[in-house]
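Me: I am new to this structure and would like a close look at a single part of it, the second chain. Please take me through how that chain is built, and then place it beside its partner.

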Amino acid sequence: MTLPLLALVKTRTVLLDGAMGTELMARGLPWGTAPEAWNVERPDVVKEIHGEYFAAGADVVSTNSFGGSALKLAGHGLGDRTYELNLAAARLAREIAPAGRYVAGSMGPTGKFLKPQGEFTEEDFAAAYAEQARGLADGGADVLLIETQYDLREALTAVRGARSVSSLPVFVTMTFNSFPRGFFTLMGDTVVRSAAELEKEGVGAVGANCTLNSEQMVGCVRALREATALPIIAQANAGQPAIGPDGRVGYSQGLEDYVRFVLEIVRSGAGVVGGCCGTNPAFIRAMARKLREESS
Amino acid sequence: MIKDELLRSMNEAIVAGDKGAAVALAADAVRSGANLLEVIEKGYVPGLQKVGELWEQGDYFLPELISSAEAMKAAMAVLEPELDRNKIVARKGGKVVIGTVEGDIHDIGKNLVASMLQAGGFEVFDLGADVKLERFVEKAEIVGAEIICLSALLTTTMTNQRRLIGLLRDKGLRDKYKVLVGGAPASRKWADEIGADGYAENAVAAVKLARTMIGQG
């Protein structure tokens, strides 16, 4: 019998996967195509990527559904296929997951704003996330991972949407920028306020992902640790996008430099770690090695 | 001569993002026959500059920036018809065509830049997101724009910023427009590499850059 993911977090550091979109692009996903479409059109490719992350040592893979909220899919004309594409996303990850490993249903931001900055109500957002959560839950996700949130109000709305259709544990990562006065989301939400509000909403774990590189993430995790007793998730970017000598776009923080900070992230209080933009299975393999060294 | 107190109230209305106050003060200025250029340049514009400073130092965030830009636009909507009626030419920022490049549906950053440019006095033609490259050129030609702003959030779609410059070159229009690029993966180095005229890291910097481009820096 597999421990629930939240129980596992209490016993040891849990390893998540890394980037999905760039892996799909590397396998031919044309720009402009919704990555979620490939859950149905090219399921073999999506499974292969999940398989590589599991093989690299990830305990948890996140489904290919980052842009799978009904509102985001609507931008690709796929809004009415939200349930189907998310169901497929979770099923694919479930099918390839070895025994004892986990599937997190990825739920990224809608890309829209609530009133007054935007035109949407909290009810609109909750419904868009609920439809996604329903697909992910029915497809066999172990937890729902609401990620890369830049607006605390949207994150809270997403949690409520997920809760309205599913009893799965909900994890939330916000994306913070580093300022002289501390870490803030795009909307100005602080780490302290984000953690407090999300904790009050009953989420299972909170954290930070994207935007920050692994060195900056150390400070952000420290701030989170001071703000909450919940398990903390940290998924840093591999630096900033940069143009390589071959003219291709890569990320500025190389693998060695990236993983150098992994143990510090863990020691600062993160119980769930993984990668974000610019990372790939090789990063996760290197992180797995670091974590093994630490625990042995 | 307008009372300093009134100019200060205008300034404060923009800094506070108080659209109602910004509009009421503008209407008062029109009614009292005040020098509207002075109202704009000494009352409202410094407020927007202050907002930019607060944003850049991390005291203001997106909601405040949007509120202030909206207050500014609302005040200008009251003042501009009066300027036109009196044949007064305000310092115009020029025409900008802006959009997120094709293949990319992310538009938060682009919308913010468009809003700030508009608040900063530019005439903005926003083509939206996932915009075919040809449309940028067509629109710029039709409206007689000086500047084309290209946004991209993805490392995979930013290459379309490079393609647009190639497209302008092919059409023999490269020197006719200033091409500015932005978005999370873009950088000054990227702009140099693809031969763009400039890169701005954020919406406030974008307005400054656009001003420099048209010789108002």
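Reply: Chain B is made of 9 helices and 5 strands, and this description, like everything that follows, refers to a predicted model. Read from the N terminus on, the elements of chain B run α-α-α-α-β-α-β-α-β-α-β-α-β-α, an order that opens with helices and ends with a helix. The radius of gyration of chain B is 18 Å, close to the 17 Å that the globule rule gives for 217 residues, so chain B is as compact as a globular protein of that length. Taken along the principal axes, the box that its C-alpha atoms fill is roughly 55 × 40 × 25 Å.

The interior of chain B can be described in two further ways. Of the 217 residues in chain B, 52% are buried. When one takes the contacts in chain B between residues at least 6 apart in sequence, 74% of them join residues at least 24 apart.

As for confidence, the pLDDT of chain B averages 93, and 99% of the residues score at least 70. Where pLDDT is low, the predicted coordinates should not be read in detail. For the complex, the predictor gives an ipTM of 0.87 and a pTM of 0.92.

Turning to the partner, the contact between the two chains takes 19 residues from chain B and 17 residues from chain A. On the side of chain A that touches chain B, the classes are 10 nonpolar, 6 polar and 1 charged residues.

Chain A itself contains an open sheet of 8 strands, whose order is 1-12-9-8-5-4-3-2 and whose pairing is parallel. At the edges of this sheet lie strand 1 (14-15) and strand 2 (60-62) of chain A, each of which pairs on one side only. Within the sheet, strand 3 (residues 102-107) and strand 4 (residues 143-149) of chain A pair in the parallel sense over 4 bridges, and Met107(A) stands opposite Ile146(A), which belongs to strand 4 of chain A. Helix 7 (residues 122-138) of chain A packs on the sheet, where this helix touches strand 3 and strand 4 of chain A, and its direction makes about 160 degrees with that of strand 3 of chain A. Elsewhere in chain A, helix 10 (residues 214-227) lies across strand 8 (205-213), strand 9 (232-237) and strand 12 (270-275), running at about 155 degrees to strand 8 of chain A.

Technical notes: Residues are numbered from 1 along each chain as its sequence is written. Chains are lettered from A and ligands numbered from 1 in the order in which they are written. This is a predicted model: local features need pLDDT of at least 70, side-chain atom pairs count only at pLDDT 80 or more; totals for chains, interfaces and linings use all residues. pLDDT is the predictor's confidence in each residue, from 0 to 100. Two strands pair if DSSP finds at least two bridges between them. Helices (H or I, at least four residues) and strands (E, at least two) are DSSP runs, numbered from the N terminus. Two residues are in contact if their C-beta atoms, placed from the backbone, lie within 7 Å. Axes are lines fitted to C-alpha atoms, for helices over the stretch in contact, and angles run from 0 to 180 degrees between N-to-C directions. Ala, Val, Leu, Ile, Met, Phe, Trp, Tyr, Cys and Pro count as nonpolar, Asp, Glu, Lys and Arg as charged, and the others, Gly among them, as polar. The radius of gyration is taken over C-alpha atoms; the globule rule is 2.2 Å times the number of residues to the power 0.38. A residue is buried if 20 or more other C-beta atoms lie within 10 Å of its own, exposed if 12 or fewer, and partly exposed in between; C-beta atoms are placed from the backbone.
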